[in-house]
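Dear colleague,

Please find below the structure that I am handing over to you. My findings follow it.

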Amino acid sequence: MNSEELKKRFKVFALRIIKLSDRLPHDLTGQTIAKQIISSGTSPGANYRSACLRKSDRDFLNKLKIVEEELDETLYWLELIIEAGLLKPALLDDLIKENQELLKIIVSSIKTMKQKMNQGKS
């Protein structure tokens, strides 16, 4: 998967998160979580795009770490939505799977970049 394909995938993920937030209850709990998950769920795509404009390998790595953190936070909110009974788990299964796949891609990219940077030190 190239960077343009991954950018598109992150954008689709963000749009799905936005649509999910509209399905949350319109009470204090639902709306508080909606704001949190919109923030964490749209951030990975923006940060990945920023990473692709890197000024250095270190800058790229730091941005990827932010993407990793935001994806992990989004997974937390998705799990909380299920465990709090705010939405049926079946509605979130595909979104959770995509979150986990994106997280694996980013973790793999972080490992690759660290190896590249370590080889450059030799």
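Ser 43 is found in helix H2, where helices are DSSP runs of H or I with at least four residues, numbered from the N terminus. Ser 43 is buried, with a relative accessible area of 15%; buried means under 20% relative accessible area, with a 1.4 Å probe and protein chains only. From Ser 43 to Glu 68 there are 25 residues in sequence and 10 Å in space, C-alpha to C-alpha.

This is a predicted model, in which local features need pLDDT of at least 70 and side-chain atom pairs count only at pLDDT 80 or more, while totals for chains, interfaces and linings use all residues. Residues are numbered from 1 along each chain as its sequence is written, and side-chain values use heavy atoms, leaving out hydrogens and water.

Helix H3 covers residues 57-83. Its 27 residues reach 39 Å from the first C-alpha to the last, close to the 39 Å expected (1.5 Å times one less than the number of residues). The buried residues of H3, including Phe 60, Leu 64, Leu 71 and Leu 78, pack against helices H1 (3-23), H2 (28-52) and H4 (89-121). After H3 comes Gly 85, with a positive phi near 70 degrees.

The largest nonpolar core (buried Ala, Val, Leu, Ile, Met, Phe, Trp, Tyr and Cys residues joined through side-chain atoms within 4.5 Å) has 31 residues. Among those with the most contacts inside this core are Phe 10, Leu 71 and Ile 106. H1, H2, H3 and H4 each give two or more residues to the core.

Yours sincerely

How values were computed:
Buried < 20%, exposed > 50% of the residue type's maximum accessible area, 1.4 Å probe, protein only. Contact = heavy atoms within 4.5 Å.
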